Amino acid sequence: MNFASFFTRRLLHSILVLVGLSILIFIIARILPGDPARLALGPFASKRQVEHLRHQMGMDQPLHLQYVSYVRGIFHGDLGLSFQTRRSVSLDIAHYLPATIELVMMAIVWVLVIGVPFGVLAGRYKDSWLDNMSRVVAFIGVAVPPFVVGLMGQLIFSYGLGILPTAGRLSLLTPAPPTWTGFLIVDSLIAGNFTALGDALEHILLPSFAIAMTGIGQITRLTRGSVSDILGKDYIEAARAFGIPNRYVTFKYMLKPSFIAPLTILGLTFASELGNAFLVETVFGWPGMAKYGIRAILRKDFNAIMGVVLIIGVAFVVVNLIVDVLAGYVDPRIRIREEE
Amino acid sequence: MEADQRALSSVGLEITITRWIAFKDRVGRGWYRFRRNPISLAGGSMVLLVILLAILAPYVTPYPRHAGPFTDFSSIFQAPSRSHWFGTDEVGRDVFTRVIFGYRVSLMMAIVVLGISVPFGVFLGLVAGYFGGWIETVIMRMTDIFLALPPLVMALAICSAFTPTIEKAMLAVACIWWTWHCRLIAGITRSLKTEEFVQASQTIGSSHIRILFKDILPNCASAMMVKITLDAGFVILVGAGLSFLGLGVQPPKPGLGTMISYGAAHLPMKWWLTVFPSLAIFFLILGFNLLGDGLRDMLDVEAEGI
């Protein structure tokens, strides 16, 4: 299978998943809860008010027409009004999304910077103390809930040692840089404001690490497995038999193929980190989309809930598409497997 | 005629005996490997300890009454001491007692969620892997859609449609959990389908149901055992997350996630309210993970998706 048709196939698959997801969300939002209009207005609203809102929301139409207008709304960037903020949900999400993306991206950085090198070393020096430590890290990473990592981090580094802030994206006394992208780190770099940059980094350190913990463990183990597999392959043996120096074997023949396995699950890591963000943003009072989503859920603000869920689904599908295509580009074997 | 039957039944008996010996052999070897592996032994003991504590909770905890809506304002916020190992909470209840009762809820969560989702997922996985074609395509695309959201977010979305209770949370998590088992079993079934023993069974005219449940399913058993053990930990993790966000266990019922969420408001002074329930969750999930890892080595499972 050449790259173009592989790409088309993956793209079609992603679109299919998105359509299915929109149907699923539609079912959860419109059919499961019974009457969203009644829920939005509360038990004391009159019957006429409820009828009016139902009409306004288009809920007196047949379900398939409701679905069509819902999807049409999505394509126009219209996710309805939020009952709690009285603003358009798309505006709210646009406002809160950058903080969450920044957090999750930082977590991905942690995963790549710690997980991959650690895994390579653990696989290269199998059964050494480093390998055993990678095992311990993996077990702890999977077994500790992210909000516990966050709380313990606060307890030790913020309350105990007093070196890191407990909550928020910036200190009260630090003037925020002008908003260009919504990403504080990027914005302060653009503005050349290094006090804000340092402050933002200090604030993001603990929450992003709390989110990354699970991923670090997984990627470490996966990279380790893939490295130790590759080291057992015949072509490595052959290279060694030719007397090629160890360092050369490691960097030229071992490293590139061993990055493919962690690359393929990076999409899943991203998804689980978005999920973790819901817990960690609550712990750190991080003003992101997850916190907005939680508040919407507790107050039964359906349009907002569905908007948040939809955005997360779309983000996941897009990231996975990118990761899959990248993996297929780097590793032709994946393209061949797709054909079978 | 009679002689034929006798011969057949003795062949049947022989097969049964051979199978039994093979089974005993496998269990014996597995148990040997399990015993030799300190990690799985540790995990198994941790899980067993928690299960025993949870079952015997009313007898092993010092203040069983504190598991409910009990208040004793003369002893609120006491630091850990000999009479209250883990201290007391904001209304004077013993944290140790509540942690042990919290284990009950966590274990129940794992049992209910896996009890609903595993049979469902396994059935769909068998069907998808065995029949292939458009049936497989439909089922697998369904799992893709359900996996397009992180489990916690999907559970949150489903929970949001109802009033939050732990039972609703369990159902919500069960709604998504079948996908993992479906994928695992579909993969195994797909590769088993072409094995000779399945083809032999087809040749002598076994029904599809017989092939699926008597020939293929038993061969999925070890992979399922490992997956279920590891999943128990993950389900408890998701459940604790839901409770932490206020969508799972509702007070005054003791849930580990709920306790941590209430305790977090009293950090750093009343640290015991957060630290001990956190350690308790960690202990249980770690136990399941170590056990699952040990089982994987012991049963020699190598399937994609575990």
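Val308(A) touches five residues beyond its sequence neighbours: Ile93(A), Met289(A), Tyr292(A), Gly293(A) and Ala296(A). Residues up to four places away in sequence are left out of that list. The model is predicted.

**The core**

Val308(A) also belongs to the largest nonpolar core, which holds 157 residues. Five members touch the most other members. Two come from chain A: Val308(A) and Val309(A). The others are Ala155(B), Val173(B) and Val235(B). Which element gives the most to this core? That is helix 4 of chain B, spanning residues 95-131, with 17 residues.

**Chain A**

Chain A has 15 helices and 0 strands. Its 340 residues include 39% that count as buried. The C-alpha atoms of chain A fill a box of roughly 85 × 55 × 40 Å along the principal axes. How much of the contact set in chain A links residues 24 or more positions apart? Among contacts with a separation of 6 or more, the share is 72%.

**Confidence**

The whole model scores ipTM 0.85 and pTM 0.87. For chain B, 95% of residues reach a pLDDT of 70 or more. The mean values for chain B and two of its elements follow.

| Part | Mean pLDDT |
|---|---|
| Chain B | 86 |
| Helix 1 of chain B (residues 2-36) | 74 |
| Helix 4 of chain B | 93 |

Among the elements of chain B, helix 1 has the lowest mean and helix 4 the highest. Helix 4 of chain B is also the element that gives the most to the largest nonpolar core.

Conventions
Residues numbered from 1 in each chain as written. Chains lettered and ligands numbered in written order. Predicted model: local features only at pLDDT ≥ 70, side-chain atom pairs only at ≥ 80, totals over all residues. Core = buried A, V, L, I, M, F, W, Y, C linked by C-beta atoms within 7 Å. Buried ≥ 20, exposed ≤ 12 C-beta atoms within 10 Å, placed from the backbone. Helix = DSSP H or I, 4+ residues; strand = E, 2+ residues; numbered from the N terminus. Contact = placed C-beta atoms within 7 Å. pLDDT = per-residue confidence, 0-100.
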